[in-house]
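Visitor: Could you take me through one small part of this protein in close detail, and then show me how the rest of the chain is arranged around it? I would enjoy one connected tour.

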Amino acid sequence: MNIKPLYDRVVLKRMEEEKMSAGGIVIPDSATEKPIKGEVIAVGEGKALDNGSLRAPKVKVGDKVLFGKYSGTEVKLDGTEYLVVKEDDIFAVLG
């Protein structure tokens with residue numbers, strides 16, 4: 001897959017959440033919420049500022065991040081689902 005997001009856009013791949021409760025009960029896919037954690041797959045050049053310059057992105061490919069629950073646009077490429085979000089929709093980088 002070769003995708004290059006524009007400006008301050010970031011392409012994420014959702015990370016799978018646990019499918020078992022603390023008590024050992026398996027939770028079906030239809031009852032689970034979409035994960036809000038993901039891995040950065042591709043990053044744009046940065047955010048365009050008012051003076052015409054670009055601010056470099058704070059995330060890089062391979063980072064694990066938290067993002068907004070209803071953020072971005074889902075796209076499917078080569079049978080894999082990705083999420084394209086603005087960098088502002090990413091809340092934190094997981095260490």
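Guide: Gladly! Let's start at S71, which sits in the loop between β5 and β6. Please keep in mind throughout that this is a predicted model. Is S71 buried or exposed? With a relative accessibility of 13%, S71 counts as buried, because the cut-off for that class is under 20%. A polar atom of the S71 side chain lies 3.2 Å from the backbone oxygen of G68. Which residues does S71 touch beyond its neighbours within four places in sequence? Those partners are L83, V85 and D89.

Two of the strands and loops around this spot deserve a visit of their own. The loop between β7 (80-86) and β8 (90-94) holds D88, and E87 lies in the loop between β7 and β8 as well. Each of these acidic residues takes part in a salt bridge: E87 with R55, and D88 with K47.

Take E87 to begin with. The closest N and O atoms of E87 and R55 are 3.2 Å apart. R55 belongs to strand β4 (residues 54-55), so this salt bridge ties the loop between β7 and β8 to a part of the chain 32 residues away in sequence. As for exposure, E87 is buried at 8% relative accessibility, while R55 is partly exposed at 31%.

Now for D88. Here the closest N and O atoms, shared with K47, are 3.3 Å apart. K47 is in strand β3 (residues 47-48), and the two residues, 41 apart, link distant parts of the chain. D88 is partly exposed, with a relative accessible area of 46%, and K47 is partly exposed too, at 28%.

How many salt bridges does a search of the whole structure find? The count is six. Another one of them joins K64 and E39, whose closest N and O atoms are 3.8 Å apart. Since K64 lies in strand β5 (residues 64-67) and E39 in strand β2 (residues 37-43), the pair ties together parts that are 25 residues apart in sequence. K64 has a relative accessible area of 31% and is partly exposed; E39, at 29%, is partly exposed as well.

From β2 and β7 we can step across to β1, which pairs with each of them. β1 and β7 are antiparallel and paired over four bridges, with R9 standing opposite K86 in β7. Between β1 and β2, which also run antiparallel, there are five bridges. On that side, L12 has V40 in β2 as its bridge partner. As background for looking at these strands, side chains in a regular strand alternate between the two faces of the sheet.

Just ahead of this pairing comes Y7, in the segment before β1 (9-14). The backbone of Y7 has a phi near 50°, a positive value in a residue other than glycine. Y7 is partly exposed, with a relative accessible area of 46%. Together with L6 and L54, Y7 makes a nonpolar surface patch of about 330 Å².

A positive phi turns up at D78 too: the value is about 50°, although D78 is not a glycine. This residue lies in the loop between β6 (73-77) and β7. D78 counts as exposed, because its relative accessibility of 68% is over the 50% cut-off.

Finally, let's step back to the whole protein. Its secondary structure comes to zero helices and eight strands, and read along the sequence the pattern is β-β-β-β-β-β-β-β. Of the 95 residues, 24% are buried, and S71, our starting point, is in that class. The accessible surface comes to about 6,600 Å², with 53% of it belonging to carbon and sulfur atoms. Among contacts between residues at least 6 apart in sequence, 61% join residues at least 24 apart. The salt bridges we visited fit into that wider view of distant parts of the chain: E87 and R55 are 32 residues apart in sequence, and D88 and K47 are 41 apart.

Technical notes
Residues numbered from 1 in each chain as written. Predicted model: local features only at pLDDT ≥ 70, side-chain atom pairs only at ≥ 80, totals over all residues. Heavy atoms only, no water. Patch = residues over 30% accessible without salt bridge, like charges linked within 9 Å, V, L, I, M, F, W, Y side chains within 5 Å. Areas by Shrake-Rupley, 256 points an atom, 1.4 Å probe, with all protein chains shown as cover. Salt bridge = Lys/Arg side-chain N within 4 Å of Asp/Glu carboxyl O. Buried < 20%, exposed > 50% of the residue type's maximum accessible area, 1.4 Å probe, protein only. Pairing = 2+ DSSP bridges. Polar contact = N/O pair within 3.5 Å; in protein donor to acceptor, adjacent residues only side chain to side chain. Contact = heavy atoms within 4.5 Å.
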